[in-house]
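Thanks for coming, everyone. Let me put the structure up and walk you through it.

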Amino acid sequence: MEIIGGNRFLKGEIKIPGDKSISHRSIILSSIAEGETEIYNFLDSEDTKATIDCFRKMGISIDKDGEKLVVKGKGLKGLAPPDCILDCKNSGTTMRLISGVLVGQNFSTILTGDNSLNNRPMSRIINPLKRMGGNIEGLDNEYPPLKIRPISNLNGIYYKMPVASAQVKSAILLASLYAEGETIIEEKGPSRDHTERMLNYFGARINKNNNLISLKGGSRLEGRKIFIPGDFSSASFFIVAALILEGSEIVIKDVGVNETRVGLLHVLKEMGGNIEIDNVKNFNNELVGDIYVKYSKLKSTNIYGNKIATFIDEIPILVVAATFAEGTTTINDASELKYKESDRIKVMTEEMNKMGASIKALEDGMIIEGGSSLKPAKLNSYNDHRIAMALFIAALKAEGKSYILGSECINISFPTFFDIPIRKID
Ligand SMILES: O=C(O)C1=C[C@@H](OP(=O)(O)O)[C@@H](O)[C@H](O)C1
Ligand SMILES: C=C(OP(=O)(O)O)C(=O)O
């Protein structure tokens, strides 16, 4: 796609579609709950469709009724054996979370994905699920396709997480619903806690005490009504756009502001960003609020430590913010970026430098010299939606015509991205 950069700004109210992480979880939990769940503001995107397709193939009725989705749950053991391989497409969340459910079933399944997903690490879920007694295998114990076979019973475990990952934590929690006894997870650092919150909302016996999460097996889940908050990760592209495009002033309504997701806001505020959250409400155990953002002069910062997991998906757009900040920003402890849809350290470094940014890739992060002025370029998203959106926002600051190869991948998480109006100063 083509982008005309220079003299662009954002003004007024912006509406962001439903949260991807919470949308996936709403389908998974409602499918294995008893009775009906009504889901409002569900994210209609490629990744969430993959999760819906997997559960439909296991006999769950998931239908649109006006503006809501209605899922007819069949209980923990009500899924039917699929008559084909389950395709998780590009979605790591789909593959890792449903593996937790599938190790507890009395039928076999095979999970595969697209070329990107089939090259992402899976030993992180295979190992703990095997310790629970699950029969799950990948190629070289690492890569999809994953083969899952039935076993007589799973047992609860104490698991100390080697990485801060919500997907790993969620896979174990979902499997522990099927296990005998209690499972305790010791978190390495905070990661998004939507699974814990939704399990609690559906009636599971789950507890959290500092960094320890415990769940008692055999909990019965009950169908509920869910409102999915706007996706903070999607909002982050427009938050940074408003901060770096002169004259911008926006409000993004009804965004999820769960503390385990909004780490980017703390970083941007530290950098001098003029951002306020207002009108915070609690919907089905998740906080939702309005985010006000004004153009700001940013300064550099140093980012490291275990808070990184609370903004791991926002680092590509944070790199764009740092490019326009005064001073040198360093990012460390972010090696997880290498295992996403693309190697986000390598790709952001190479593509931003094509526009004239000055970024050095590190093993676990980046060094970004701020204050660059960008020039238009031919860019490649490597079919990674977050890279495509981050490069698009960066290109708005480059006077002239830029191109992004593979921008259709934006449909993976944010199909209405191009509907958000970006104005031009005449
Ligand atoms: O649980 C989730 O919904 C997600 C967790 C994160 O992955 P990790 O758990 O691998 O860090 C994140 O990057 C991904 O986009 C969504
Ligand atoms: C990493 C992401 O998602 P997933 O792991 O579900 O593919 C993402 O959305 O940035």
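**A two-domain model and its ligand shell**

Start with a pair of residues. Thr329 sits opposite Ile368 of strand S24. I'll return to that sheet at the end. One caution first: this is a predicted model.

Now the overall picture. The protein has 11 helices and 27 strands. Its radius of gyration is 21 Å, close to the 22 Å that the globule rule gives for 426 residues, so the protein is as compact as a globular protein of that length. The C-alpha trace spans about 65 × 45 × 40 Å along its principal axes. Of the 426 residues, 54% are buried. Now take contacts between residues at least 6 apart in sequence. Of those, 76% join residues at least 24 apart.

Next, the domains. There are two in the assignment. Domain 1 covers 2-17 + 229-424, and domain 2 covers 20-227. Their centres, taken over C-alpha atoms, are separated by 29 Å. What about the contact between them? On one side, 22 residues of domain 1 take part; on the other, 26 residues of domain 2. The domain 1 side that touches domain 2 has eight nonpolar, nine polar and five charged residues.

Now the ligand. Where does ligand 1 lie with respect to domain 1 and domain 2? Both domains give residues to the shell around ligand 1, so the ligand lies between them. The shell consists of Ser21, Thr93, Ser165, Ala166, Gln167, Ser170, Arg192, Ile312, Asp313 and Glu336. By class, that is two nonpolar, five polar and three charged residues. Which helix gives the most to this shell? Helix H5, residues 166-176, with three residues.

From H5 we can step to a helix that packs against it. Helix H6 runs over residues 194-201 and is mostly covered, with six of its eight residues buried. The buried ones are His194, Thr195, Glu196, Arg197, Met198 and Leu199. And what do they pack against? Two helices, H1 (20-31) and H5, and three strands, S15 (206-209), S16 (212-216) and S20 (286-294). Just after H6 comes Gly203, with a positive phi of about 100°.

Strands S15 and S16 deserve a closer look. They form a hairpin with two residues between them. In the turn, Asn210 has a positive phi of about 50°. The pairing is antiparallel, over four bridges. Within it, Lys208 stands opposite Ile213 of S16.

S16 has another partner. Strand S14, residues 182-186, pairs with S16 over five bridges, also in the antiparallel sense. There, Glu182 has Lys216 as its bridge partner. How do the side chains of S16 divide between its faces? They alternate. Ile213 and Leu215 point to one face and are buried. Leu212, Ser214 and Lys216 point to the other face and are not buried.

Now another strand with two partners: S6, residues 68-74. Its covered face carries Leu69, Val71 and Gly73. Its uncovered face carries Lys68, Val70, Lys72 and Lys74. Strand S4, residues 34-40, runs antiparallel to S6 and is joined to it by seven bridges. Strand S5, residues 61-65, is antiparallel to S6 too, with five bridges.

Look at Lys68 in particular. Lys68 is the bridge partner of Tyr40. Lys68 is also the bridge partner of Asp65. S5 and S6 make a hairpin with two residues between them. In that turn, Gly66 has a positive phi of about 65°.

Finally, back to where I began. Four strands form an open sheet, in the order S21-S22-S24-S23, with mixed pairing. Which strands stand at its edges? S21 (302-303) and S23 (358-362). Each has a single partner strand, so one side of each is left without a neighbour in the sheet. Strand S22, residues 328-331, and strand S24, residues 365-369, run antiparallel and are joined by four bridges. The opening pair, Thr329 and Ile368, stands opposite one another here.

To close, one picture to keep: ligand 1 between domain 1 and domain 2, with both giving residues to its shell. Questions, please.

Technical notes: Residues numbered from 1 in each chain as written. Chains lettered and ligands numbered in written order. Predicted model: local features only at pLDDT ≥ 70, side-chain atom pairs only at ≥ 80, totals over all residues. Near = placed C-beta within 6 Å. Nonpolar A, V, L, I, M, F, W, Y, C, P; charged D, E, K, R; others polar. Domains from an automatic or database assignment. Buried ≥ 20, exposed ≤ 12 C-beta atoms within 10 Å, placed from the backbone. Pairing = 2+ DSSP bridges. Rg over C-alpha atoms; globule rule 2.2 N^0.38 Å. Contact = placed C-beta atoms within 7 Å.
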